[in-house]
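Biologist: Thanks for sitting down with me. Could you walk me through a few spots in this model?

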Amino acid sequence: MKAKKLISILLTIIFITSMLSGCSKTTNQPNGEASSAKKDIVKVWTFPVEKDYEQNFAKIKEDFESKNPNIEIQVEVLSWAEGVKKFDTAINAGDPPDLMFIVPSAKYVQTGLAVPIEDYIDKETLSDYYPVALEYMKVGGKLYGLPLYMKIHTIAGNKKLMEEAGIDWKKIQENGWTWDEFKELTKKGTKINAEGKQQYGFVFHGAGVDITELLNHMLMNNGLPYMVDEKGKFTYTDPKFLETLKFIRSLIDEGIMPKESNQITPQKRMELFYTEQAMIIGKAMPYYEVVIGDNNKKVQEKTAPPDQKVVDFVLLPEPHAAGQKAITPGGVDGYSMFKQKNYNGPVSQEEHLRNVAKVLVALTSGYAGISAKILCLPQVTKSGDQIWKDKYTMKPENKEEVDRLFKNVLPPVQVDPALSQKAQKLYDEVIKAEYPALLGGDITPEKMYEDVKKAAQEIFGDNVY
């Protein structure tokens, strides 16, 4: 009996020892490092960046995890409409994902949870990225993430409708156009069409996401490319701000843009474009050639709504105020790196951040450049160029216009994060709040300008124009 009891105790000890040994088992990784057998989970929040992004992300994840068996990537795909709000809630609660598809900004750096990535990625790895693209991922001179692609936002037209209006779109692509020329030509495309429907010369969304995007584009093309300039001065108190508000308002008052522009969502804007009720739209991106091409197939296969037409899509430059330089709004999109306030993972936080940095590089270089190729945008890494440079397919007139437009993209200015955050607060609380009323005709350009000047003087004192 005593022997049986002794054997039972010994088996129990062996079992417990085996369990403990299993919990602390270490494995040798491909890079030669030893790591805990329990996987370190890296959380990534992203968006449907392009039509094949989920498959492309899955391929990168599979390849990465096969080479790094101690790391697991957990991904959540957010909606464009709600994703940033969800992220803002998470970071304000101290619990952001490790990687978020968002360009870093002062308000995120101020939380203390944005991570300077140069502490975790060596210079040789960073040398794969083109310097101009990295500049857009910096705040206060520090690098907080890596770009996936460079982007441009512009406007675009329906070739058939423009030619019917007698518009030489090739000349505009090559030489640009002023605000006066833009108004004169878009007015020619404003009419009642053959189907008895209102056709607008220009439609730009004023509802949904980025509702002030038209204002930002016009300000950049009227000598105000930055809200806070390199001297740290707030620029929107300049009289050119009022001039820009008046120009936008005049497009609505003269019927070139819909009077309900503050209710036009991006989806509604595209519906008007597909039904030939909008001659020129904004914003537009090179990727629209793919999106509109897909819709053209539906029209030809009669699976699109019956009033939609085949659209021959032509990229155009933004118009600029007389005497001002033409600017293409642009920059990058990419992933920023964050840490959690109360980290509680299976490895130390430092080791976890090193693992997050490895995932960050995998999601933005080499094969990941397929997204830039699909979006018809330039690569941001040498490794991406090597794989994808010769695999782009665009209509020649749009490819040439993309190359021209990128020459007019300005580099970002690095300003004090605290100053930048103050400016953004003013923008959100005054400009973004009042802009829909301006589009709707409920306040005048003069009233909105005075409100912006008053708020700026209270926040920035004499540090304004």
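Biologist: Is Glu 397 buried or exposed?
Modeller: Happy to help, and do keep in mind that this is a predicted model. Glu 397 lies in helix 17, which covers residues 396-406. Its relative accessibility is 18%, and the cut-off for a buried residue is under 20%, so Glu 397 counts as buried.

Biologist: Which side chain does the side chain of Glu 397 join in a polar contact of 3.3 Å?
Modeller: Leaving out neighbours within four places in sequence, Glu 397 is in contact with Trp 169, Gln 173 and Lys 159. The polar contact of 3.3 Å links its side chain to that of Lys 159.

Biologist: And how does Lys 61 count in terms of accessibility?
Modeller: Lys 61 sits in helix 2, residues 53-67, and its side chain makes a polar contact of 2.8 Å with that of Glu 65. Its relative accessibility is 22%, and the range between 20% and 50% is the one that applies, so Lys 61 counts as partly exposed.

Biologist: Which strands stand at the edges of the open sheet of 5 strands?
Modeller: The strand order is 10-11-12-9-13, with mixed pairing. An edge strand here has a single partner, so one of its sides is left without a neighbour in the sheet. That describes strand 10 (191-192) and strand 13 (313-316).

Biologist: In which sense do strand 10 and strand 11 pair?
Modeller: Lys 191 stands opposite Gln 199 in strand 11. Strand 10 and strand 11 (residues 198-204) are joined over 2 bridges, and the sense is antiparallel.

Terms used: Residues are numbered from 1 along each chain as its sequence is written. This is a predicted model: local features need pLDDT of at least 70, side-chain atom pairs count only at pLDDT 80 or more; totals for chains, interfaces and linings use all residues. Side-chain values use heavy atoms; hydrogens and water are left out. Helices (H or I, at least four residues) and strands (E, at least two) are DSSP runs, numbered from the N terminus. Buried means under 20% relative accessible area, exposed over 50%, partly exposed in between (1.4 Å probe, protein chains only). A polar contact is a pair of N or O atoms within 3.5 Å; within protein, one must be able to donate a hydrogen and the other to accept it, and residues adjacent in sequence count only if both atoms are side-chain atoms. Contact means heavy atoms within 4.5 Å. Two strands pair if DSSP finds at least two bridges between them.
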